[in-house]
There are 2 protein chains.
Amino acid sequence: MKLATLKNGDLDGRLIVVSTDLRHAVDASPIAPTLLLALQQWREVEAPLNTLYQRLNRGELSNAFAFDPGQCGAPLPRSPQWLDASAFLNHGHLMERAFNTDPIPDFDTIPVMYQGASDDFYGPHDDIPMPSELDGIDFEGEFGVVLDSVPMSVTSEGALKRVRLLVQINDWSLRALGPREMKTGFGFLQAKPSSSFAPVAVTPDELGDAWADGRVKLSLHVEWNGERFGSPNGREMNFSFGELIAHAARTRKLSAGTVLGSGTVSNESRAAGSACIAERRVIEKLDLGEIRTGFMKFGDSVRMQAKFDDGRDGPFGVIDQRVVKANG
Amino acid sequence: MKLATLKNGDLDGRLIVVSTDLRHAVDASPIAPTLLLALQQWREVEAPLNTLYQRLNRGELSNAFAFDPGQCGAPLPRSPQWLDASAFLNHGHLMERAFNTDPIPDFDTIPVMYQGASDDFYGPHDDIPMPSELDGIDFEGEFGVVLDSVPMSVTSEGALKRVRLLVQINDWSLRALGPREMKTGFGFLQAKPSSSFAPVAVTPDELGDAWADGRVKLSLHVEWNGERFGSPNGREMNFSFGELIAHAARTRKLSAGTVLGSGTVSNESRAAGSACIAERRVIEKLDLGEIRTGFMKFGDSVRMQAKFDDGRDGPFGVIDQRVVKANG
């Protein structure tokens with residue numbers, strides 16, 4: 001099942017169901033007005049939403065309309081919690097070298113994770129206002145899960161059963177601000193503005209075998225200003241989403257609608273390229289002896305789309321957006 | 001004006017107006033069903049809420065009822081963002097010695113702040129479920145501000161004008177988990193379960209001269225299992241709330257209803273005592289050569305109440321609650 005959210009001026013937008021081929025959509029608000037409300041009563045709405053999805057795919061709905069990602073907000077324009085891990089250790093180890101920070105203790109055995117802003121997620125084609133090019137504007141391509149309510153101290157196995165939807169995320173980052181915030185020990189705040197989401201959130205069955213071991217085994221194709229930047233695959237994630245959820249819920253329950261991200265997708269192979277600029281820069285330093293790539297400028301665009309191993313487009317649709325100068 | 005939220009089974013509860021003496025209350029839901037909605041349309045609801053408050057104080061309302069803090073949730077049971085600073089440098093410097101962590105860079109000139117869970121705040125008398133006594137269960141008494149929407153890159157002066165309400169907070173902390181999370185650079189997650197709030201949120205005018213320089217100049221009287229623990233005063237805050245808000249909004253806008261905390265209230269004078277156990281422990285180590293105080297056990301209670309300099313009770317009501325073993 002594929003779900004998206006049309007902007008309508010309300011904080012949570014309006015829920016629509018999207019066809020498998022992303023060409024058609026239908027209003028789902030008679031079943032649940034918003035995706036957040038749907039997640040809060042998933043047991044009641046899953047079957048009716050799925051019936052609507054099947055009928056949409058069969059072309060049976062007279063009220064279907066053309067799906068326009070440009071009218072979409074993030075699938076959840078706001079969420080109870082946004083927790084972002086760094087579950088690709090290859091990325092983490094490279095970033096330690098980029099930021100010249102101390103090795104993270106127990107990095108290989110205990111997930112690291114920060115809590116970010118979840119009140120103002122960006123849609124897939126929204127312009128992204130940033131205050132200054134000097135902040136080191138960077139994208140971070142990643143995958144995420146949207147959760148049902150999760151009890152405190154859940155096991156990894158139990159946690160994985162609480163995954164309701166999968167999403168594709170651009171976790172905007174300001175690299176000039178990150179190292180200082182890491183050194184405070186309090187973690188990222190200014191360095192992590194609101195994140196962007198691909199238009200479509202999907203139930204895990206939409207991925208077939210590409211959802212396995214609590215991992216999204218798709219490659220994430222990233223283009224910066226129309227040029228290929230990287231296409232690392234989610235299968236190299238060093239912690240499963242089950243392990244990440246259990247880590248997050250160790251001392252707290254999680255509300256339905258919580259979004260948990262993988263951290264930047266990153267592969268050992270240099271041929272995969274990168275899903276963020278900071279990683280390319282440290283690789284340039286290591287392999288070429290000097291940094292050759294700058295960060296984003298106002299007007300720059302980034303495009304992200306997941307792909308299956310056989311080359312088919314992933315199910316999430318496309319993030320394609322520009323960085324602009326913030327007002328004021 | 002004094003506002004509180006009655007639990008009614010909904011995520012945001014139901015808004016009530018509370019009398020100056022905290023003895024009476026009246027349903028405010030005809031004006032705004034919840035405090036979150038009131039904050040989202042403050043310009044429209046402030047005057048009618050204030051009229052209701054004045055009539056309640058004059059005893060003119062036949063539908064007034066006895067105010068019972070035991071029926072209250074947090075004033076905002078959920079909030080778009082919860083950002084917590086560490087703005088009392090005395091506390092921060094002691095905690096560096098307690099945790100044996102490196103000095104925080106620029107700690108005296110740039111605020112430190114983490115983002116915590118804001119989807120599940122505790123009411124003033126709720127039992128607090130914790131998974132294990134081994135986690136180093138601690139309270140942290142602090143003051144906070146509730147904000148109107150704040151534009152990105154606001155100045156400190158402009159930021160202070162966006163303060164709508166003041167609140168009193170117990171920021172629950174798990175000290176056995178904090179140092180490792182600080183060393184990751186990603187900040188607190190497991191170490192910071194949901195926070196608790198005193199029942200009443202107040203407009204700044206309720207504090208009179210005790211709201212000045214962007215600081216809550218009240219002492220916070222903390223009792224642990226019925227014995228005095230400390231009564232540090234908010235006037236020694238090293239950054240104003242205006243400065244803290246501007247720091248938070250440097251690269252993001254803040255949604256109406258965002259809550260920003262001061263961090264543990266802490267004074268230079270040893271006579272003031274402490275508002276958290278970790279601070280007392282490091283003072284014992286420094287002054288007595290050994291730690292004598294353990295952390296909280298299941299069944300322990302903590303009570304927090306603000307007071308004016310002349311001994312009058314503060315406006316927020318009382319936090320008084322027990323730690324219990326979490327199920328599961």
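Guide: A salt bridge here is a side-chain nitrogen of Lys or Arg within 4 Å of a carboxyl oxygen of Asp or Glu. Keep in mind, as we look around, that this is a predicted model.

Visitor: Happy to start there! Which residue of chain A forms a salt bridge with Asp135(B)?
Guide: Across the interface of chain B and chain A, the rule finds four salt bridges. In the one formed by Asp135(B), the closest N and O atoms are 2.7 Å apart. That separation lies inside the 4 Å limit, so the pair qualifies. The partner is Arg250(A).

Visitor: How many residue pairs are in polar contact across the interface of chain B and chain A?
Guide: Salt bridges were counted by one rule, and polar contacts have their own. Only pairs with both residues at pLDDT 80 or more enter this count. Across the interface, the number of such pairs is 16.

Visitor: Which element supplies the largest share of the side of chain B that touches chain A?
Guide: On the chain B side, α1 (35–40), β6 (113–116), α5 and α6 (241–248) each supply at least two residues. One of these elements gives five residues, the largest share. That element is α5(B).

Visitor: And how do the residues of that side of chain B divide into nonpolar, polar and charged?
Guide: The contact takes 51 residues from chain B, and 51 residues from chain A. For the chain B side, the division is 25 nonpolar, 14 polar and 12 charged.

Visitor: How much area do chain B and chain A bury between them?
Guide: Carbon and sulfur atoms account for 56% of the buried area. In chain B, Arg180(B), Phe186(B) and Leu189(B) lose the most area to chain A, together 18% of what that side buries. For the two chains, the buried area is about 4,400 Å².

Visitor: Let's move to helix α3 of chain B. How many of its 11 residues are buried?
Guide: Helix α3(B) spans residues 89–99 and is mostly covered. Its buried residues include Leu89(B), Leu94(B), Met95(B) and Phe99(B), and what covers the buried residues includes α5 (178–184) and α7 (277–288) of chain B. Of the 11 residues, the number buried is eight.

Visitor: Which residue follows α3(B), and has a positive phi?
Guide: The helix covers residues 89–99. Just after the helix, phi turns up positive, near 55°, at Asn100(B).

Visitor: Which residue in β19(B) does Glu223(B) stand opposite?
Guide: Strand β16 (residues 219–224) and strand β19 (residues 301–307) of chain B pair in the antiparallel sense over six bridges. β16(B) also pairs with strand β17 (residues 227–230) of chain B, in the antiparallel sense over three bridges, and there Glu223(B) stands opposite Arg228(B). In β19(B), the residue opposite Glu223(B) is Arg303(B).

Visitor: Which residue in the turn of the hairpin of β16(B) and β17(B) has a positive phi?
Guide: These strands form a hairpin with two residues between them. The residue in the turn with a positive phi, about 50°, is Asn225(B).

Visitor: One last stop, in chain A: why does Gly317(A) count as buried?
Guide: Gly317(A) sits in the loop between β19 (301–307) and β20 (319–325) of chain A. Leaving out residues up to four places away in sequence, Gly317(A) touches Leu22(A), Gln168(A), Ala198(A), Pro199(A), Met304(A) and Gln305(A). Buried means under 20% relative accessible area. Gly317(A) counts as buried because its relative accessibility is 10%.

Notes
Residues numbered from 1 in each chain as written. Chains lettered and ligands numbered in written order. Predicted model: local features only at pLDDT ≥ 70, side-chain atom pairs only at ≥ 80, totals over all residues. Heavy atoms only, no water. Buried < 20%, exposed > 50% of the residue type's maximum accessible area, 1.4 Å probe, protein only. Helix = DSSP H or I, 4+ residues; strand = E, 2+ residues; numbered from the N terminus. Contact = heavy atoms within 4.5 Å. Buried area = accessible area lost by both parts, 1.4 Å probe. Polar contact = N/O pair within 3.5 Å; in protein donor to acceptor, adjacent residues only side chain to side chain. Nonpolar A, V, L, I, M, F, W, Y, C, P; charged D, E, K, R; others polar. Pairing = 2+ DSSP bridges.
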